Amino acid sequence: MVGPEAPLITIGVPGSFAWKVFHERHPAMIEQLCAAFPYGADVRGRLADLLRETTGGVVEPLGDDAPDHGVWAAWAADRLGGPWSDCSFLWAESYFFRRLLAAVGYFEPGPWRGIDPFAPMKEAELRSTGTAEVLAALDALPRLSEADRDDTVVRAAVWGNQADLAFRMSAGAEGAAAGLVTGDSQVFWSLFGEPGPVHLVADNSAGELAADLVLIDHLLATGRADRVVLHVKPTPYYVSDATLADVVGVLRHLVGLGGEAGAVGQRTWDGLRDGRIEVRAHPFFCAPLEYRAMPTDLRAELASASVTIMKGDLNYRRLVGDRYWPATTPFADVVDHFPSPVVALRVLKSEVVVGLDEATAAALDATGDSWRTSGSHALVQAAVPGGAAVTR
Ligand SMILES: O=P(O)(O)OC[C@@]1(O)O[C@H](CO)[C@@H](O)[C@@H]1O
């Protein structure tokens with residue numbers, strides 16, 4: 001267990017990364033939404049109000065008729081009526097996305113009910129030339145040695161996390177891949193022993209989800225997993241996060257491509273039909289809370305995993321705590337609450353990071369680059385809670 005908790009990251013510090021997400025990224029995102037859909041003046045007005053509220057106002061409640069009014073009333077109890085600028089980054093961003101769904105009528109009876117506001121962006125990403133090239137390159141996979149295949153599928157799943165559409169809305173955010181700040185595919189595979197149920201907590205749709213499905217296919221094909229549970233978001237979230245509708249869309253796309261991508265798509269489709277792969281969408285995956293606070297039913301489910309794979313930046317923030325940890329804080333210490341062996345595959349896109357050695361952290365800081373937030377660096381970190389971190 002770590003000593004005194006590090007301070008929470010909040011959105012109220014002008015010029016900070018979290019502040020810029022609210023003051024620069026969100027306005028760009030809303031402009032993009034209003035260009036992607038012919039929303040009427042009512043929806044456009046509600047989106048503009050949301051921007052005003054979240055950048056300079058106080059936290060307003062969800063409407064009384066919202067289906068999740070009760071759960072959010074509890075999650076927001078301490079914050080309603082208080083300034084947004086006092087809120088933690090994790091809480092504020094999650095509530096922002098929930099309120100955005102309210103603004104576009106996602107839950108209301110009416111024409112926009114159930115329409116994913118981010119679907120056009122996810123669709124464009126899935127059909128982009130970048131994704132097409134990555135999927136075509138899969139044809140080389142069956143010809144690789146077993147060791148190279150092990151390495152390739154993990155690297156693809158890590159770097160697939162660069163394909164995050166919310167992230168691309170920050171000017172100049174997309175960094176070139178520089179390298180792993182800690183861990184590698186051996187760290188990943190060190191957690192796997194006898195075949196067991198593996199849980200993968202997904203992040204973004206499109207290219208990242210395709211890479212995750214390749215990893216799942218490989219876990220089943222090599223006997224590292226006898227069953228896989230894929231956790232997705234119950235509703236649209238953080239622009240490109242995968243929902244069940246996205247899983248089906250990506251599978252149809254893969255199958256239509258043929259080649260190795262098509263074969264992976266078909267095997268995954270069959271795995272879903274025969275129960276070797278299951279998809280779940282627990283409401284907690286859209287909660288504004290750290291995994292430390294997960295409800296009993298989800299905790300029990302993840303406790304049954306032989307390994308849980310946590311994808312992406314937001315899952316990392318929720319796993320380790322979205323705090324200004326010293327970068328050398330041991331990973332195993334901050335994930336001691338987690339109910340199963342856990343491995344994080346993440347491109348760094350926010351300020352939080354743990355588990356680095358002193359020399360690496362110092363060398364990265366000395367570059368003067370925004371290595372924590374630019375998306376140019378990634379990590380693989382594994383731990384068996386209650387035991388020592390698996391490191392090299
Ligand atoms: O979880 P993901 O898709 O890897 O990243 C989510 C993200 O885009 O959202 C946050 C800011 O909006 C950052 O933590 C991060 O850059």
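How are α2 and α4 oriented with respect to each other? In this predicted model, the axes of helix α2 (residues 41-56) and α4 approach within 9 Å and cross at roughly 160°. Angles over 145 degrees count as roughly antiparallel, and α2 and α4 are therefore roughly antiparallel to each other. The crossing of α2 past α4 is right-handed. On the α2 side, V43, R46, L47, L50 and T54 take part, and they meet F96, R99, L100 and A103 in α4.

A second helix pair is formed by α7 (residues 146-159) and α10 (residues 206-221), whose axes come within 8 Å and cross at roughly 150°. This angle, too, is over 145 degrees, and α7 and α10 are therefore roughly antiparallel to each other. The crossing of α7 and α10 is left-handed. Helix α7 contributes R149, V153, A156 and A157 to the contact, while α10 contributes A211, D212, V214, L215 and H218.

At the level of domains, the chain is divided into domain 1 (17-117) and domain 2 (120-390). The C-alpha centres of domain 1 and domain 2 are separated by 26 Å. In the contact between them, 18 residues of domain 1 face 19 residues of domain 2. On the side of domain 1 that touches domain 2, the elements giving two or more residues are α1 (17-36) and α4 (89-103). Helix α4 thus appears both in this interdomain contact and in the crossing with α2.

The largest nonpolar core comprises 109 residues, among which A210, V214, I216, V228, V335 and V343 touch the most other members. Both domain 1 and domain 2 supply at least three residues each to this core. V214, one of these core residues, also belongs to the α10 side of the contact with α7. For V228, the contacts beyond four places in sequence are V198, L200, I216, L219, L220, R276 and I277. I216 is therefore both a contact of V228 and, like V228, one of the core members with the most contacts to other members.

The loop between β2 (196-201) and α10 holds S205. With 31 C-beta neighbours inside 10 Å, against a threshold of 20 or more, S205 counts as buried. Excluding residues up to four places away in sequence, S205 touches K122, S240, D241, A242, D246 and V250. R273 lies 68 residues from S205 in sequence, and the C-alpha atoms of S205 and R273 are 21 Å apart in space.

Two residues of the loop between β3 (225-231) and α11 (244-257) have positive phi values. Y238, found in this loop, has phi near 45°, a positive value in a residue other than glycine. V239 is placed in the loop between β3 and α11 as well, and its phi is near 65°, again positive in a residue other than glycine. Y238 counts as buried because 21 C-beta neighbours lie inside 10 Å, and V239 counts as buried with 24 such neighbours.

A136, by contrast in its burial class, is located in helix α6 (residues 129-137). With 13 C-beta neighbours inside 10 Å, A136 counts as partly exposed. A136 and A362 are separated by 226 residues in sequence and by 39 Å in space, C-alpha to C-alpha.

Conventions:
Residues numbered from 1 in each chain as written. Predicted model: local features only at pLDDT ≥ 70, side-chain atom pairs only at ≥ 80, totals over all residues. Core = buried A, V, L, I, M, F, W, Y, C linked by C-beta atoms within 7 Å. Buried ≥ 20, exposed ≤ 12 C-beta atoms within 10 Å, placed from the backbone. Domains from an automatic or database assignment. Contact = placed C-beta atoms within 7 Å. Axes fitted to C-alpha atoms, helices over the stretch in contact; angles between N-to-C directions. Helix = DSSP H or I, 4+ residues; strand = E, 2+ residues; numbered from the N terminus. Parallel < 35°, antiparallel > 145°, perpendicular 65-115°, else oblique. Left-handed = near helix turned anticlockwise from the far one by under 90°.
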